[in-house]
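Please open the structure in your viewer and keep the selection tool at hand. The stops below suggest what to select next and say what is there.

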Amino acid sequence: MIVTALDIKVSKVENSRIGELDPSNIQFGKTYSDHMLVAYYEDGVWKQPEIMPFHDLTFSPATTFFHYGQAIFEGVKAYKDPEGNPLIFRPYDNWTRMNRSAERMAMPEVPEYIFIEGMRKLIDLDRDWIPTGEESSLYIRPFMLAIDEFIGVRPAEKFMFMIITSPAGPYYNHPVSIYVQDKYVRAFPGGIGFTKAAGNYGMSMYPTQQIKKMGYDQILWTDGFEHKYVQEIGTMNVFFVIGDKVITPDITQDTILAGVTRDSVITLLREKGIIVEERPLSIDEIEAAYRSGQLKEAFGTGTAASIAPIYALTFHEDKMLLPPMETWEVANWLKKELADIRYGRKTDIHGWAVSV
Ligand code: COI
């Protein structure tokens, strides 16, 4: 059976809430657009998805995901091009990654017609919710939950896939101060570090709360064996400009999220002729580069965070202050280049911007 966007049932809101949105004061993740998409998986098949008014959900207290965390999610963004047409940035890459997370978490694959066609239809319907200011977008949150009503421990058989959307400004509205973590661990080889499983974020709350009390914004995680090699920041991948090279931790050990923005950044830099090394990067090497004046830039990348400059990196008592951001050639160029593609201001030679 070939299922298309036409098979997605739509019930529209009677009265849009768009008038309540203040485009000059959009905080990340606090407002939701009029509609959401819901699809159920039962008896080994996905049922017909539905787009319906955004509303609260009711679950039995025995529902699996409350207890055992069989829950995964994605983050995607939609922008408006200069003519006002919606563009979704690289949704196929998020779809592929969601299904990698699903496999590792014993959850069913989400078919393309639900993830991609459902998302396109939802964004088309709620296109007025895409803010147009620079650095503004509609954040798209697809997610899947295990919804068996059973408190025994076993992979669930019933699932719910949803997409909600939320108008967004910048995730960080200031350069970030990062604490290099060598007590707590995010991921080991063989674990779930490469997935967007809810538990990866749940387990980071306590360590992040601790470093926030110390005045830092986020953690840079290190490997669990030696606490020597850097992995990723709580909300984003990480890049360092050392000398004339850009270095980012490799993702071959399945301990680091394969960021879509990470991949876009690597692609754009290599096309510009800049050397990008994906390899193990130790905190010792970063400190040595700092001492010799070779550490020129450091930034995080992510769908929510976009390109987030790091102004300070602290490891134990060693606070490394990065040079003034006005001097940063790589991150500043990337920020503009990526924005031009996302907002449809530049020819998209990669086919990254998908229309609705
Ligand atoms: C994203 O960048 O989309 C994320 O999911 C990171 C964070 C907001 C949890």
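Begin by selecting the ligand, which in this predicted model sits in the largest pocket. Keep the ligand highlighted and add the residues that surround it, namely Phe73, Gly75, Tyr139, Arg141, Tyr171, Lys196, Tyr201, Thr235, Thr303 and Ala304. If you colour this shell by class, you will find five nonpolar, three polar and two charged residues around the ligand.

Next, turn to the polar contacts, starting with Lys196, where an N or O atom of the side chain is 2.9 Å from an oxygen atom of the ligand. Then show the backbone of Thr303 and of Ala304: a polar backbone atom of Thr303 is 3.4 Å from an oxygen atom of the ligand, and for Ala304 a polar backbone atom is 2.8 Å from a ligand oxygen atom. With these contacts in view, switch on the surface of the ligand, which taken alone exposes 280 Å², and consider that the protein buries 89% of that area.

Now step back to the whole chain and colour it by its domain assignment, which gives domain 1 as 5–169 and domain 2 as 176–342. Where does the ligand lie with respect to domain 1 and domain 2? Both domains give residues to the shell around the ligand, so the ligand lies between them.

As a last stop, look at how the two domains are placed: their centres, taken over C-alpha atoms, are separated by 27 Å, while 22 residues of domain 1 are in contact with 22 residues of domain 2.

Notes: Residues numbered from 1 in each chain as written. Predicted model: local features only at pLDDT ≥ 70, side-chain atom pairs only at ≥ 80, totals over all residues. Heavy atoms only, no water. Near = heavy atom within 4 Å. Polar contact = N/O pair within 3.5 Å; in protein donor to acceptor, adjacent residues only side chain to side chain. Areas by Shrake-Rupley, 256 points an atom, 1.4 Å probe, with all protein chains shown as cover. 1 Å grid on protein atoms, 1.4 Å probe; cavity = no way out; pocket = protein on both sides within 12 Å on 5 of 7 lines; lining within 4 Å. Sits in = over half its atoms within 2 Å of the grid points. Nonpolar A, V, L, I, M, F, W, Y, C, P; charged D, E, K, R; others polar. Domains from an automatic or database assignment. Contact = heavy atoms within 4.5 Å.
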